[in-house]
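Please open the model in your viewer and keep the sequence panel beside it. The stops below suggest what to select next and describe what is found there.

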Amino acid sequence: MKRIGMLTSGGDCQALNPAMRGVAKALLNAKETVEIYGFLDGYQGLIYSKFRLLNYTDFTGILTKGGTFLGSSRTPFKTIREPGPDGVDKVAAMKQTYYKLQLDCLVILGGNGTHKTANLLREEGLNVITLPKTIDNDLWGTDMTFGFQSAVDVATDAIDCIHTTAASHGRVFIVEVMGHKVGWLTLNAGMAGGADIILIPEIPYDIDKIAKKIKQRHEKGGRFTILAVAEGAISKEDAALSKKEYKKKLAKRETPSVSYEIADKLAKKCGYDVRVTVPGHTQRGGTPCPYDRVFASRLGSEAGELILKGEYGFMVGYKNREIVKVPLEEVAGKLKMVPPDASIIKEAKLLGISFGD
Ligand code: F6P
């Protein structure tokens with residue numbers, strides 16, 4: 001008999017339910033009896049002992065459902081050792097819940113911050129298996145995270161819709177894409193949506209180069225220009241600042257985001273009618289795409305198998321088209337960014353896409 005705890009933490013994404021279903025099916029189809037306890041709203045459920053015993057029916061009919069049926073929340077790692085407003089010692093409380101329920105393992109689905117806490121719980125002696133979730137695709141140790149492909153679909157749809165209206169009006173349009181500090185989502189949605197200019201945090205931009213590219217397009221008879229801009233895009237001048245100076249500058253920013261700042265600068269420089277569209281959290285919503293349903297199910301079932309074998313302390317990831325187990329200590333605290341010298345960047349440039357560099 002095994003007793004497993006399960007939770008989803010951090011920003012949600014489209015394939016959390018299929019991933020949990022994958023874990024549960026592998027466990028509940030096994031010969032050994034397995035009890036699965038679902039913690040509500042991420043680590044908060046583990047801290048405050050908010051859980052329920054899940055059964056087979058909780059995991060049926062959820063393959064196509066976005067979001068997470070357990071709920072999620074953000075419990076920042078940087079304050080995990082600080083007592084909460086109610087004075088609770090979060091780490092001690094999580095361990096207490098684990099031991100009270102006599103769990104054999106925690107299955108934790110999440111992104112970067114979630115993995116730091118998962119690794120800390122492992123260091124504290126708990127058995128942990130994690131699954132890589134995030135639309136940002138920025139987790140170290142895996143070529144792909146689930147949720148990413150679904151988000152690429154949504155962001156691409158947004159760029160597709162903007163294309164037709166931009167063409168009618170002969171406008172310059174910026175579509176701001178999520179991705180936090182990395183550019184995977186913007187790069188892929190930008191290429192899929194035929195963006196003319198793609199700005200990602202890994203390649204700081206020069207506003208004059210962007211203006212030049214737009215001018216060239218117009219001179220060649222192009223009536224419109226589409227920019228896919230990552231929410232974390234940064235100019236060359238800002239990239240030269242220290243982290244502290246840049247934070248200070250951001251706090252004083254008068255525009256809602258980098259896209260509006262770029263739009264203002266371009267309107268002033270070139271006199272173009274620049275519009276900004278921010279699909280925002282729609283990129284994390286809706287149904288998981290077929291790729292993510294299969295991918296998350298595969299990762300989930302492999303996690304189930306590891307648990308049945310009693311192999312703990314790993315993230316189940318994806319490397320060179322194979323499902324792999326990656327030690328948690330190798331994953332936690334590292335960001336997977338787009339290498340500026342990656343072949344996809346070279347290929348995008350061959351297609352005539354400008355990165356503003
Ligand atoms: O990490 C996923 C993500 O959607 C990022 O792309 C984005 O920067 C962030 O979460 C938004 O966070 P929140 O939902 O807390 O506003």
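## A tour by selection

Begin by selecting Lys-319, a residue that counts as partly exposed, because its relative accessibility is 34%. Before going further, please keep in mind that the model you are looking at is predicted.

With Lys-319 still highlighted, add Asp-143 to the selection, and you will have the two partners of a salt bridge whose closest N and O atoms are 3.4 Å apart. Lys-319 belongs to strand S10, residues 314-319, while Asp-143 sits in the loop between S5 and helix H5 (148-169), so this pair ties together parts of the chain that are 176 residues apart in sequence. Asp-143, like its partner, counts as partly exposed, its own relative accessibility being 35%.

**Next, select Lys-325 and Glu-311.** The side chains of these two residues also meet in a salt bridge, with a distance of 2.4 Å from N to O. Lys-325 is placed in strand S11, which covers residues 322-327, and Glu-311 in the loop between helix H11 (290-309) and S10, so that the link joins distant parts of the chain, 14 residues apart. If you colour by accessibility, Lys-325 should appear as partly exposed at 41%, and Glu-311 is likewise described as partly exposed, with a relative accessible area of 22%.

**Then move to Glu-124 and Arg-81.** Here too a salt bridge is formed, and the closest N and O atoms of the pair are 3.0 Å apart. Glu-124 lies in the loop between helix H4 (112-123) and strand S5 (128-132), whereas Arg-81 lies in the loop between strand S3 (51-54) and helix H3 (90-100), and the two residues, 43 apart, link distant parts of the chain. Is Arg-81 buried or exposed? Arg-81 is exposed, with a relative accessible area of 56%, while Glu-124 counts as partly exposed at 26%. Adding Lys-95 to this selection shows a network of salt bridges in which Arg-81, Lys-95 and Glu-124 are linked. The pairs visited so far are examples from a longer list, for a search of the whole structure finds 20 salt bridges.

**Now select Lys-78, Lys-116, Lys-181, Lys-243 and Lys-247.** Together these residues form a positive surface patch. Lys-78, one of its members, is found in the loop between S3 and H3, and Lys-78 is exposed, its relative accessible area being 75%.

**For a contrast, turn to Pro-132.** This residue is found in strand S5, and it counts as buried, because its relative accessibility is 0%, where under 20% is the limit for that class. Select Phe-146 as well and draw a C-alpha to C-alpha distance, which comes to 6.5 Å, although Pro-132 and Phe-146 are 14 residues apart in sequence.

**Finally, clear the selection and show the whole chain as a cartoon.** Its secondary structure comes to 13 helices and eleven strands. The radius of gyration of the chain is 22 Å, close to the 21 Å that the globule rule gives for 357 residues, so the chain is as compact as a globular protein of that length. Taken along the principal axes, the C-alpha atoms fill a box of roughly 70 × 40 × 30 Å. Colouring the whole chain by accessibility brings the tour to its last point, since 53% of the 357 residues count as buried.

Note on methods
Residues are numbered from 1 along each chain as its sequence is written. This is a predicted model: local features need pLDDT of at least 70, side-chain atom pairs count only at pLDDT 80 or more; totals for chains, interfaces and linings use all residues. Side-chain values use heavy atoms; hydrogens and water are left out. A salt bridge is a side-chain nitrogen of Lys or Arg within 4 Å of a carboxyl oxygen of Asp or Glu. Helices (H or I, at least four residues) and strands (E, at least two) are DSSP runs, numbered from the N terminus. Buried means under 20% relative accessible area, exposed over 50%, partly exposed in between (1.4 Å probe, protein chains only). Patches are made of residues with over 30% relative accessible area and no salt bridge: like charges are joined within 9 Å, nonpolar side chains (Val, Leu, Ile, Met, Phe, Trp, Tyr) within 5 Å. Accessible areas come from the Shrake-Rupley method with a 1.4 Å probe; for residues, only the protein chains shown count as cover. Lys and Arg count as positive and Asp and Glu as negative; His and the chain ends are not counted. The place of a charge is taken as NZ of Lys, CZ of Arg, CG of Asp or CD of Glu. The radius of gyration is taken over C-alpha atoms; the globule rule is 2.2 Å times the number of residues to the power 0.38.
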